[in-house]
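Here is a walk through one protein chain, from its overall layout down to single residues. Keep the 3D view open as you read.

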Amino acid sequence: DVSERIYQDVKEGTVVNSLTKPVSYRLRQLFTSLGGSIIQFVFVAIPLLTILYTVFIVLGFVEYTIGEFLLNLLFFFIFYFISLFVNNSIMYLIGILCFFTEHIFGLNMLVSAFRSFLAGSVVPFAFMGAIGKILPYNPFAFLSSTPIQVLMNRVSIGNTLMYIGIGVAWILFFELINKLIFSYCMRRLVVQGG
């Protein structure tokens, strides 16, 4: 978890060593997270999706043409990477907030509660009435609800492309906020360890 790594860097004082290296601290955190996520995707998600779709198509639970199946799979892969970047950006923001709080546990618990509710994991958006029509556009929806809806072929191609644009906009928004807060944090960095 990127927020935990940043917290450990701040707590132990190793953040200073990371900042003196000629690699962007943000990119280092991003690619460290992406490496593990991509390996998990290749060795868990792809085989599991292949088996499930094969079984569901053979048993007749899902009626897809091969073209629809491949298109949904392509969109799901795109949303998977959007969700990785959105999640990483949010957790990076939480991580750099520990420059102010010097602790991360409470912030992680708060984000976890928000994520569960706003991603549609606790209560599906369809059961939320008018609020459920707005929530699919929040950044947490891109972590579970939107990719699953696309994979299940419940979103039209036009709406799928719109959601991709919204997901990219959320990534850019969080990266801008992260950059501004990180530059402010560097001016007031207090190292505890070391």
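The paragraphs below take the fold first, then the cores, the salt bridges, two buried positions and the pockets.

Start with the status of the coordinates: this is a predicted model. The chain has 194 residues, and 39% of them are buried. It is built from eight helices and zero strands. Read along the sequence, the pattern is therefore α-α-α-α-α-α-α-α. Along the principal axes, the C-alpha atoms fill a box of roughly 60 × 40 × 25 Å. Contacts reach far along the sequence. Taking those between residues at least 6 apart, 73% join residues at least 24 apart.

Now look inside. The largest nonpolar core holds 36 residues. Its members with the most contacts to other members are Ile-6, Phe-79, Ile-82, Ile-90, Tyr-92, Ile-96 and Phe-99. Four helices each give two or more residues to this core: H1 (2–12), H4 (66–101), H5 (105–118) and H8 (157–187). Helix H4 gives the most, with twelve residues. There is also a second, separate core of 13 residues. Leu-30, Phe-41, Tyr-64 and Phe-76 are among its members.

Turn next to charge. Side chains of opposite charge can pair when their charged atoms come close. The count here comes to two salt bridges. One joins Arg-28 and Asp-9, at 3.8 Å from N to O. Arg-28 sits in helix H3 (residues 25–59) and Asp-9 in helix H1, 19 residues apart. How exposed or buried is each partner? Arg-28 has a relative accessible area of 35%, so Arg-28 is partly exposed. Asp-9 is buried, because its relative accessible area of 10% falls under the 20% cut-off.

The other salt bridge pairs Glu-175 with Arg-26. Their closest N and O atoms are 2.6 Å apart. Glu-175 lies in helix H8 and Arg-26 in helix H3, so this pair ties together parts that are 149 residues apart in sequence. Glu-175 counts as partly exposed, because its relative accessibility is 25%. Arg-26 is at 11%, so Arg-26 is buried. In this bridge, then, a partly exposed Glu-175 meets a buried Arg-26.

Two single positions are worth a stop. Val-86 lies in helix H4. Its relative accessibility is 0%, so Val-86 counts as buried. What does Val-86 touch, not counting residues up to four places away in sequence? The partners are Pro-139, Leu-143, Gly-167 and Ile-171. Val-86 and Trp-170 are 84 residues apart along the chain, yet their C-alpha atoms are separated by 7.0 Å.

Thr-160 is the other stop, and it lies in helix H8. Thr-160 has a relative accessible area of 1%, so Thr-160 is buried. Leave aside its neighbours within four places in sequence. Thr-160 is then in contact with Phe-75, Phe-79, Val-150 and Val-155. One of these, Phe-79, has already appeared among the most connected members of the largest nonpolar core.

Finish with the pockets. The largest pocket contains about 460 Å³ of space. Its lining has 17 residues. Nearest the centre of the largest pocket lie Phe-125, Ala-126, Pro-136, Ser-145 and Gln-149. Helices H6 (130–134) and H7 (145–151) are the elements that give two or more residues to this lining. H7 gives the most, with four residues. By class, the lining of the largest pocket has eight nonpolar, seven polar and two charged residues.

The second largest pocket holds about 320 Å³ of space. It is lined by 13 residues. The closest to its centre are Phe-76, Tyr-80, Ser-83, Leu-84 and Leu-143. Phe-76 was named above as a member of the second core. Leu-143 was named as a contact of Val-86. Which helices supply at least two residues each to the lining of the second largest pocket? They are H3, H4 and H7. H4 provides the largest share, five residues. What classes of residue make up the lining of the second largest pocket? Eight are nonpolar, five are polar, and none is charged.

Conventions: Residues numbered from 1 in each chain as written. Predicted model: local features only at pLDDT ≥ 70, side-chain atom pairs only at ≥ 80, totals over all residues. Heavy atoms only, no water. Core = buried A, V, L, I, M, F, W, Y, C linked by side-chain atoms within 4.5 Å. Buried < 20%, exposed > 50% of the residue type's maximum accessible area, 1.4 Å probe, protein only. Salt bridge = Lys/Arg side-chain N within 4 Å of Asp/Glu carboxyl O. 1 Å grid on protein atoms, 1.4 Å probe; cavity = no way out; pocket = protein on both sides within 12 Å on 5 of 7 lines; lining within 4 Å. Points joined across faces, edges and corners; volume = space filled by probe spheres on them. Nonpolar A, V, L, I, M, F, W, Y, C, P; charged D, E, K, R; others polar. Contact = heavy atoms within 4.5 Å.
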